[in-house]
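Hi everyone, thanks for making time this morning. I'd like to walk you through a structure, and I'll start with a small puzzle before we get to the overall fold. Let me put it up on the screen.

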Amino acid sequence: MAGGQISPGMRVYDLMTGMDECWGFIAEALEGRGEIVALDISPVMCRRARERRRAFDGLSIEVIEGDALENSLPDGSADSVVSAFGLKTFSEAQRRRLAFEVARMLRPGGTFSLLEVSVPRTPIMRIPYMAYLKYAIPLLGRAFLGNPDSYRLLGVYPQRFGGCGTMAGYLREAGLEVSAVSHFFGCAASVRGMKPL
Ligand SMILES: C[S@@+](CC[C@H](N)C(=O)[O-])C[C@H]1O[C@@H](n2cnc3c(N)ncnc32)[C@H](O)[C@@H]1O
(Lines give C-alpha, C1' and ligand atoms only; values in the text may rest on other atoms or scores of the structure.)
Protein backbone atom coordinates (compact mmCIF):
# COMPACT_ATOMS: atom_id res chain seq x y z
CA MET A 1 0.00 0.00 0.00
CA ALA A 2 2.68 2.50 0.96
CA GLY A 3 4.64 1.86 -2.26
CA GLY A 4 8.07 1.33 -0.74
CA GLN A 5 7.81 4.35 1.52
CA ILE A 6 7.92 2.23 4.66
CA SER A 7 11.20 0.61 5.58
CA PRO A 8 12.36 -1.60 8.46
CA GLY A 9 12.65 0.10 11.86
CA MET A 10 10.10 2.83 11.13
CA ARG A 11 7.38 4.07 13.45
CA VAL A 12 4.21 3.97 11.30
CA TYR A 13 0.91 5.63 12.16
CA ASP A 14 -2.11 3.88 10.64
CA LEU A 15 -4.98 6.38 10.83
CA MET A 16 -8.62 5.19 10.66
CA THR A 17 -7.13 1.74 11.19
CA GLY A 18 -10.40 -0.20 11.40
CA MET A 19 -9.73 -3.77 12.51
CA ASP A 20 -6.15 -4.24 11.19
CA GLU A 21 -6.82 -4.39 7.44
CA CYS A 22 -3.56 -2.59 6.58
CA TRP A 23 -1.29 -4.15 9.15
CA GLY A 24 -0.25 -7.08 6.94
CA PHE A 25 1.10 -4.67 4.29
CA ILE A 26 2.81 -2.49 6.88
CA ALA A 27 4.30 -5.50 8.68
CA GLU A 28 5.65 -6.84 5.39
CA ALA A 29 7.37 -3.51 4.67
CA LEU A 30 8.74 -3.33 8.24
CA GLU A 31 10.18 -6.86 7.88
CA GLY A 32 9.49 -7.51 11.56
CA ARG A 33 11.34 -4.42 12.85
CA GLY A 34 9.44 -1.31 13.78
CA GLU A 35 6.28 -0.08 15.35
CA ILE A 36 2.68 0.44 14.30
CA VAL A 37 0.57 3.02 16.09
CA ALA A 38 -3.03 2.39 15.05
CA LEU A 39 -5.66 5.06 15.62
CA ASP A 40 -9.43 4.72 15.30
CA ILE A 41 -12.30 6.73 16.74
CA SER A 42 -14.54 3.69 17.26
CA PRO A 43 -14.20 1.78 20.55
CA VAL A 44 -15.58 -1.34 18.85
CA MET A 45 -12.97 -1.19 16.06
CA CYS A 46 -10.23 -0.58 18.62
CA ARG A 47 -11.32 -3.57 20.69
CA ARG A 48 -11.34 -5.83 17.62
CA ALA A 49 -7.99 -4.44 16.44
CA ARG A 50 -6.45 -5.13 19.85
CA GLU A 51 -7.66 -8.73 19.63
CA ARG A 52 -5.87 -9.12 16.27
CA ARG A 53 -2.49 -7.96 17.49
CA ARG A 54 -1.45 -11.50 18.36
CA ALA A 55 -1.44 -12.36 14.63
CA PHE A 56 1.52 -9.97 14.30
CA ASP A 57 3.66 -11.45 17.00
CA GLY A 58 7.01 -9.74 17.44
CA LEU A 59 5.89 -6.39 16.04
CA SER A 60 5.09 -3.55 18.43
CA ILE A 61 1.48 -2.49 17.81
CA GLU A 62 -0.27 0.12 19.91
CA VAL A 63 -3.99 0.72 19.33
CA ILE A 64 -5.21 4.16 20.34
CA GLU A 65 -8.87 5.19 20.48
CA GLY A 66 -8.98 8.74 19.21
CA ASP A 67 -9.91 11.26 16.55
CA ALA A 68 -7.42 11.47 13.68
CA LEU A 69 -8.44 15.09 13.20
CA GLU A 70 -7.55 16.08 16.73
CA ASN A 71 -5.23 13.75 18.58
CA SER A 72 -2.49 13.81 21.16
CA LEU A 73 0.21 12.06 19.11
CA PRO A 74 3.30 14.28 19.41
CA ASP A 75 4.60 16.61 16.70
CA GLY A 76 7.22 15.04 14.42
CA SER A 77 6.83 11.60 16.00
CA ALA A 78 5.98 9.47 12.91
CA ASP A 79 8.39 8.14 10.31
CA SER A 80 5.41 7.34 8.13
CA VAL A 81 1.66 8.02 8.21
CA VAL A 82 -0.69 5.79 6.24
CA SER A 83 -4.44 5.45 5.94
CA ALA A 84 -6.74 3.38 3.76
CA PHE A 85 -10.39 4.04 3.01
CA GLY A 86 -10.82 6.66 5.72
CA LEU A 87 -11.06 9.82 3.62
CA LYS A 88 -14.37 9.44 1.81
CA THR A 89 -16.65 10.08 4.79
CA PHE A 90 -14.91 13.32 5.77
CA SER A 91 -16.12 16.76 4.71
CA GLU A 92 -13.73 19.06 2.82
CA ALA A 93 -13.01 20.95 6.06
CA GLN A 94 -12.18 17.67 7.82
CA ARG A 95 -9.87 16.54 4.98
CA ARG A 96 -8.03 19.83 5.14
CA ARG A 97 -7.74 19.41 8.91
CA LEU A 98 -6.41 15.87 8.41
CA ALA A 99 -3.76 17.14 5.95
CA PHE A 100 -2.41 19.51 8.62
CA GLU A 101 -2.49 16.72 11.22
CA VAL A 102 -0.48 14.42 8.92
CA ALA A 103 2.07 17.22 8.39
CA ARG A 104 2.24 17.90 12.13
CA MET A 105 2.78 14.25 13.14
CA LEU A 106 5.46 13.50 10.51
CA ARG A 107 9.14 14.06 11.22
CA PRO A 108 11.07 15.94 8.51
CA GLY A 109 11.86 13.36 5.83
CA GLY A 110 8.91 11.22 6.94
CA THR A 111 6.58 9.71 4.35
CA PHE A 112 2.83 9.39 3.98
CA SER A 113 0.36 7.45 1.85
CA LEU A 114 -3.42 7.86 1.92
CA LEU A 115 -5.58 5.54 -0.18
CA GLU A 116 -9.26 5.80 -1.05
CA VAL A 117 -11.88 4.34 -3.36
CA SER A 118 -12.54 6.59 -6.35
CA VAL A 119 -14.81 6.79 -9.38
CA PRO A 120 -13.17 5.68 -12.66
CA ARG A 121 -13.34 8.27 -15.45
CA THR A 122 -13.99 5.87 -18.33
CA PRO A 123 -17.58 4.57 -18.57
CA ILE A 124 -16.35 1.05 -19.39
CA MET A 125 -14.92 0.86 -15.85
CA ARG A 126 -17.21 3.35 -14.08
CA ILE A 127 -20.55 1.66 -14.88
CA PRO A 128 -19.73 -1.90 -13.70
CA TYR A 129 -17.63 -0.69 -10.75
CA MET A 130 -20.32 1.69 -9.43
CA ALA A 131 -22.94 -1.05 -9.91
CA TYR A 132 -20.71 -3.34 -7.88
CA LEU A 133 -20.36 -0.77 -5.07
CA LYS A 134 -24.01 0.35 -5.11
CA TYR A 135 -25.82 -2.95 -5.62
CA ALA A 136 -23.57 -6.03 -5.39
CA ILE A 137 -21.87 -5.21 -2.09
CA PRO A 138 -25.12 -4.31 -0.21
CA LEU A 139 -26.63 -7.56 -1.54
CA LEU A 140 -23.64 -9.56 -0.34
CA GLY A 141 -23.86 -7.73 3.00
CA ARG A 142 -27.52 -8.73 3.30
CA ALA A 143 -26.88 -12.34 2.26
CA PHE A 144 -23.85 -13.04 4.43
CA LEU A 145 -24.04 -10.55 7.27
CA GLY A 146 -27.77 -9.80 7.39
CA ASN A 147 -26.97 -6.11 7.29
CA PRO A 148 -27.04 -4.21 3.99
CA ASP A 149 -27.14 -0.78 5.67
CA SER A 150 -23.44 -0.59 6.53
CA TYR A 151 -22.62 -1.12 2.85
CA ARG A 152 -25.35 0.94 1.19
CA LEU A 153 -23.35 4.16 1.32
CA LEU A 154 -20.33 2.57 -0.36
CA GLY A 155 -21.63 3.77 -3.73
CA VAL A 156 -22.51 7.22 -2.43
CA TYR A 157 -19.33 8.27 -0.62
CA PRO A 158 -16.90 7.69 -3.52
CA GLN A 159 -19.08 9.81 -5.81
CA ARG A 160 -19.13 12.60 -3.26
CA PHE A 161 -15.39 12.19 -2.64
CA GLY A 162 -14.56 12.35 -6.38
CA GLY A 163 -10.83 11.64 -6.13
CA CYS A 164 -7.67 12.63 -4.32
CA GLY A 165 -7.14 15.92 -6.19
CA THR A 166 -8.40 18.26 -3.48
CA MET A 167 -6.71 16.18 -0.77
CA ALA A 168 -3.41 16.59 -2.64
CA GLY A 169 -3.99 20.36 -2.57
CA TYR A 170 -4.61 20.38 1.19
CA LEU A 171 -1.46 18.31 1.82
CA ARG A 172 0.61 20.74 -0.28
CA GLU A 173 -0.92 23.65 1.60
CA ALA A 174 0.23 21.89 4.81
CA GLY A 175 3.81 21.95 3.50
CA LEU A 176 4.17 18.39 2.21
CA GLU A 177 5.57 17.16 -1.10
CA VAL A 178 2.75 15.26 -2.79
CA SER A 179 2.06 13.06 -5.78
CA ALA A 180 -1.38 11.68 -6.67
CA VAL A 181 -1.63 8.16 -8.10
CA SER A 182 -4.54 6.35 -9.73
CA HIS A 183 -4.89 2.59 -9.14
CA PHE A 184 -6.81 -0.23 -10.84
CA PHE A 185 -7.97 1.90 -13.80
CA GLY A 186 -9.29 4.63 -11.48
CA CYS A 187 -11.17 2.40 -8.99
CA ALA A 188 -8.88 3.67 -6.22
CA ALA A 189 -6.68 6.71 -5.79
CA SER A 190 -3.88 7.63 -3.43
CA VAL A 191 -1.85 10.61 -2.40
CA ARG A 192 1.66 9.95 -1.20
CA GLY A 193 4.80 11.88 -0.54
CA MET A 194 7.03 13.21 2.19
CA LYS A 195 7.64 16.06 4.60
CA PRO A 196 10.60 18.09 3.29
CA LEU A 197 13.82 17.94 5.33
C1 LIG B 1 -13.81 2.21 6.07
S2 LIG B 1 -12.98 1.99 7.58
C3 LIG B 1 -11.35 1.72 7.02
C4 LIG B 1 -10.66 0.68 7.83
C5 LIG B 1 -9.29 0.22 7.33
N6 LIG B 1 -8.31 1.27 7.32
C7 LIG B 1 -9.34 -0.47 5.98
O8 LIG B 1 -8.40 -0.31 5.19
O9 LIG B 1 -10.30 -1.19 5.69
C10 LIG B 1 -12.92 3.63 8.24
C11 LIG B 1 -12.52 3.69 9.70
O12 LIG B 1 -12.30 5.06 10.05
C13 LIG B 1 -12.69 5.24 11.40
N14 LIG B 1 -12.88 6.69 11.61
C15 LIG B 1 -13.87 7.48 11.11
N16 LIG B 1 -13.68 8.75 11.48
C17 LIG B 1 -12.53 8.78 12.21
C18 LIG B 1 -11.80 9.81 12.86
N19 LIG B 1 -12.20 11.08 12.85
N20 LIG B 1 -10.66 9.49 13.52
C21 LIG B 1 -10.23 8.19 13.56
N22 LIG B 1 -10.89 7.18 12.97
C23 LIG B 1 -12.02 7.46 12.29
C24 LIG B 1 -13.94 4.38 11.52
O25 LIG B 1 -14.22 4.05 12.86
C26 LIG B 1 -13.56 3.16 10.67
O27 LIG B 1 -12.98 2.15 11.45
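So here is the puzzle: leaving out residues up to four places away in sequence, which residues does His183 touch? Have a look while I mention that this is a predicted model, so please keep that in mind throughout. Right, the answer: His183 touches Ala188, Ala189 and Ser190.

Where does that histidine sit? His183 belongs to strand 6, which covers 177–183. Is His183 buried, exposed or partly exposed? It has 14 C-beta neighbours inside 10 Å, so it counts as partly exposed. For a sense of distance, take Glu92: it is 91 residues away from His183 in sequence, and the two C-alpha atoms are 22 Å apart in space.

Now the sheet as a whole. How many strands form it, and in what order? There are seven, arranged as 3-2-1-4-5-7-6, in an open sheet with mixed pairing. Strand 3 and strand 6 are the edge strands, each pairing on one side only. From one strand to the next, the twist averages 15°. As a reminder, strands of a sheet pair through backbone hydrogen bonds, either parallel or antiparallel.

Let's go along the sheet, beginning with strand 1. This strand takes in residues 11–15, and four of its five residues are buried, so the rest of the structure largely encloses it. With strand 2, residues 35–40, strand 1 pairs in the parallel sense over five bridges. Within that pairing, Leu15 is opposite Leu39 of strand 2. To get from strand 1 to strand 2, the chain goes through helix 1, residues 23–30, and this β-α-β crossover is right-handed.

On the way there is a residue I'd like you to click on, Glu31, in the loop between helix 1 and strand 2. Its phi is near 50°, which is a positive value in a residue other than glycine. Glu31 has 12 C-beta neighbours inside 10 Å, so it counts as exposed.

Strand 1 also has strand 4 as a partner: that one spans residues 78–84, and the two pair in the parallel sense over four bridges. There you'll find Tyr13 opposite Val81 of strand 4.

Back to strand 2, which is mostly covered, with five of its six residues buried. How many bridges join strand 2 to strand 3? Six, and the two strands run parallel, with strand 3 at residues 60–65. Two of the residue pairs are easy to find: Ile36 has Ile61 of strand 3 as its bridge partner, and Leu39 stands opposite Ile64 of strand 3. So Leu39 is a handy one to select, since Leu15 stands opposite it as well. Here too we have a right-handed β-α-β unit, made by strand 2, helix 2 (residues 43–52) and strand 3.

Over at strand 6 again, have a look at helix 7, residues 165–173. Helix 7 lies across strand 5 (106–117), strand 6 and strand 7 (188–194), and it runs at about 165° to strand 6. The loop between strand 6 and strand 7 holds Phe184. Phe184 is not a glycine, yet it has a positive phi of about 50°. Like Glu31, Phe184 is worth a click: it has 12 other C-beta atoms within 10 Å, and that is why it counts as exposed.

One more phenylalanine, this time in a helix. Phe144 is part of helix 4, residues 123–145. Is Phe144 buried or exposed? With 8 other C-beta atoms within 10 Å, Phe144 is exposed. Measuring C-alpha to C-alpha in the model, Phe144 and Val102 are 36 Å apart in space and 42 residues apart in sequence.

Last stop, the ligand. Which of the 16 residues around the ligand come nearest? They are Met16, Gly18, Glu21, Ser42 and Ala84. As for the character of that shell, its residues divide into nine nonpolar, four polar and three charged.

That's my tour. Happy to take questions!

Definitions and conventions. Residues numbered from 1 in each chain as written. Predicted model: local features only at pLDDT ≥ 70, side-chain atom pairs only at ≥ 80, totals over all residues. Near = placed C-beta within 6 Å. Nonpolar A, V, L, I, M, F, W, Y, C, P; charged D, E, K, R; others polar. Buried ≥ 20, exposed ≤ 12 C-beta atoms within 10 Å, placed from the backbone. Pairing = 2+ DSSP bridges. Right-handed = clockwise from strand over helix to strand, strands pointing away. Axes fitted to C-alpha atoms, helices over the stretch in contact; angles between N-to-C directions. Contact = placed C-beta atoms within 7 Å.
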